[in-house]
Amino acid sequence: MSDETPICSAKGCRAEAVWVLAWNNPKIHTPERRKTWLACEEHREHLSQFLGVRGFLKDVVLLKEWESQDSPSRDS
Ligand SMILES: [Zn+2]
């Protein structure tokens with residue numbers, strides 16, 4: 001296991017992240033670009049709502065699944 005534990009992106013939260021929220025702001029990002037936020041179980045809904053109301057949210061994936069599909073050899 002890596003020594004760097006992924007931590008929830010919510011303000012002030014130090015909980016271990018379980019979810020990845022993939023998002024894109026069409027005003028500043030190209031359509032295929034994905035920004036990611038990490039979320040613990042508790043903040044997943046809060047953070048996805050924040051992105052959802054702005055129309056930024058693209059995907060919510062378990063961190064384990066995200067890491068397994070995001071291989072270094074993946075083409076952009
Ligand atoms: Zn959290």
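Trainee: Which residue in strand 2 is the bridge partner of Trp23?

Mentor: In this predicted model, strand 1 and strand 2 pair in the antiparallel sense over five bridges. Trp23 belongs to the 19-23 stretch, which is strand 1. Its bridge partner in strand 2 is Lys35.

Trainee: Which residues does Trp23 touch, leaving aside those up to four places away in sequence?

Mentor: Strand 2 covers 35-39, and two of the residues touched by Trp23 are Lys35 and Trp37. Strand 3 covers 57-62, and Leu57 and Lys58 are touched by Trp23 as well. With the remaining two included, the list reads Lys35, Trp37, Leu51, Phe56, Leu57 and Lys58.

Trainee: In what order do the three strands stand in the open sheet?

Mentor: The elements of the protein chain run β-β-α-β-α from the N terminus on. In the sheet, strand 2 and strand 3 stand at the edges, each with a single partner strand, so one side of each is left without a neighbour. The pairing is antiparallel, and the order is 2-1-3.

Trainee: By how many degrees are neighbouring strands of this sheet turned against each other on average?

Mentor: The sheet in question is the open one formed by three strands. With direction ignored, the average turn between its neighbouring strands is 25°.

Trainee: Which strand gives the most to the largest nonpolar core?

Mentor: This core has 10 residues, among them Trp19, Val20, Leu21 and Trp23. Strand 1 (19-23) and strand 2 (35-39) each supply at least two of its residues. The one that gives the most, with four residues, is strand 1.

Note on methods
Residues are numbered from 1 along each chain as its sequence is written. This is a predicted model: local features need pLDDT of at least 70, side-chain atom pairs count only at pLDDT 80 or more; totals for chains, interfaces and linings use all residues. A nonpolar core is a set of buried Ala, Val, Leu, Ile, Met, Phe, Trp, Tyr and Cys residues joined through C-beta atoms within 7 Å. A residue is buried if 20 or more other C-beta atoms lie within 10 Å of its own, exposed if 12 or fewer, and partly exposed in between; C-beta atoms are placed from the backbone. Two residues are in contact if their C-beta atoms, placed from the backbone, lie within 7 Å. Two strands pair if DSSP finds at least two bridges between them. Axes are lines fitted to C-alpha atoms, for helices over the stretch in contact, and angles run from 0 to 180 degrees between N-to-C directions.
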